[in-house]
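The following exercises are intended to be worked through with the sequence and the coordinates at hand. Each task is followed by a solution in steps.

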Amino acid sequence: MSLDIRDLWQRVLDDQPGAWDMLLSRYTALVNTVALRAGLSLIDAEDCAQHAWMSLYRRRHAIKDP
């Protein structure tokens with residue numbers, strides 16, 4: 001099942017089981033690619049991506065437009 005990003009984001013906000021994992025599986029490659037294309041080394045890109053995901057998770061209730 002492929003959810004619209006708004007539906008998926010609402011599931012994340014509702015703490016539905018598997019929603020965060022679904023978000024990660026959908027967008028991890030994109031986040032990693034952006035970090036690598038910014039010129040970061042593989043290790044730094046992984047650190048950057050992890051920081052981005054953690055920041056998003058911590059501030060998830062402040063996101064107004066997913």
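**Exercise 1.** Which backbone atom lies 2.7 Å from a polar atom of the side chain of arginine 26?

*Solution.* The model under study is a predicted one.

Step 1. The atom sought is the backbone oxygen of leucine 3, which lies 2.7 Å from a polar atom of the arginine 26 side chain.

Step 2. Arginine 26 is located in helix H2. With a relative accessibility of 30%, arginine 26 counts as partly exposed, since that class lies between the limits of 20% and 50%.

Step 3. Beyond residues up to four places away in sequence, arginine 26 touches Ser2, Leu3, Asp4, Ile5 and Leu8. For one of these partners, isoleucine 5, the C-alpha atom is separated from that of arginine 26 by 9.8 Å, and the two residues are 21 apart along the chain.

Step 4. Seen from leucine 3, the contacts outside its neighbours within four places in sequence are Leu8, Arg11, Met22 and Arg26.

**Exercise 2.** Describe the overall architecture of the protein.

*Solution.*

Step 1. Count the elements: the protein has 3 helices and 0 strands. Read from the N terminus, their order is α-α-α.

Step 2. Consider the dimensions. The C-alpha trace spans about 35 × 25 × 20 Å along its principal axes.

Step 3. Consider the surface. The accessible surface is about 4,900 Å², and carbon and sulfur atoms hold 55% of that area. Of the 66 residues, 20% count as buried.

Step 4. Consider the contacts. Among those with a separation of 6 or more, 42% join residues 24 or more positions apart.

**Exercise 3.** Which residues of helix H1 are buried, and why do they lie on the same side of H1?

*Solution.*

Step 1. Helix H1 comprises residues 5–13, and its buried residues are Leu8, Trp9 and Val12.

Step 2. These three residues cover an arc of only 100 degrees around the axis, and therefore they lie on the same side of H1.

Step 3. The cover over the buried residues of H1 includes helix H2 (19–37) and helix H3 (42–58).

**Exercise 4.** Which residues make up the largest nonpolar core, and how is leucine 23 placed with respect to its contacts?

*Solution.*

Step 1. The largest nonpolar core has 8 residues: Leu3, Leu8, Trp9, Val12, Ala19, Trp20, Leu23 and Trp53. At least two residues of this core come from each of H1 and H2.

Step 2. A general tendency may be recalled at this point: in soluble globular proteins, nonpolar side chains tend to be buried together.

Step 3. Leucine 23 belongs to helix H2. Its relative accessibility is 3%, and leucine 23 therefore counts as buried.

Step 4. Not counting residues up to four places away in sequence, leucine 23 touches Ile5, Leu8, Trp9, Val12, Trp53 and Leu56.

**Exercise 5.** How many salt bridges does a search of the whole structure find, and which parts of the chain are tied together?

*Solution.*

Step 1. The search finds 1 salt bridge. Its partners are the side chains of aspartate 65 and arginine 6, at 3.1 Å from N to O.

Step 2. Arginine 6 is in helix H1 and aspartate 65 in the segment after H3, so the pair ties together parts 59 residues apart in sequence.

Step 3. Assess the surroundings of both partners. Aspartate 65 counts as exposed, its relative accessibility being 55%. The backbone nitrogen of arginine 6 has a further partner at the start of H1, where a side-chain oxygen of aspartate 4 reaches to within 2.8 Å.

**Exercise 6.** Where is aspartate 15 placed, and what is the sign of its phi?

*Solution.*

Step 1. Aspartate 15 is situated in the loop between H1 and H2. Its relative accessibility of 51% is over the 50% limit, and aspartate 15 therefore counts as exposed.

Step 2. The phi of aspartate 15 is positive, about 55 degrees, although the residue is not a glycine. As a point of reference, most residues other than glycine have a negative phi.

Step 3. Compare aspartate 14, which is in the loop between H1 and H2 as well. Aspartate 14 is partly exposed, at a relative accessible area of 45%. Its C-alpha atom is separated by 10.0 Å from that of histidine 61, a residue 47 positions away along the chain.

Note on methods: Residues are numbered from 1 along each chain as its sequence is written. This is a predicted model: local features need pLDDT of at least 70, side-chain atom pairs count only at pLDDT 80 or more; totals for chains, interfaces and linings use all residues. Side-chain values use heavy atoms; hydrogens and water are left out. Buried means under 20% relative accessible area, exposed over 50%, partly exposed in between (1.4 Å probe, protein chains only). Helices (H or I, at least four residues) and strands (E, at least two) are DSSP runs, numbered from the N terminus. The arc is that of the directions from the helix axis to the C-beta atoms. Contact means heavy atoms within 4.5 Å. A polar contact is a pair of N or O atoms within 3.5 Å; within protein, one must be able to donate a hydrogen and the other to accept it, and residues adjacent in sequence count only if both atoms are side-chain atoms. A salt bridge is a side-chain nitrogen of Lys or Arg within 4 Å of a carboxyl oxygen of Asp or Glu. Accessible areas come from the Shrake-Rupley method with a 1.4 Å probe; for residues, only the protein chains shown count as cover. A nonpolar core is a set of buried Ala, Val, Leu, Ile, Met, Phe, Trp, Tyr and Cys residues joined through side-chain atoms within 4.5 Å.
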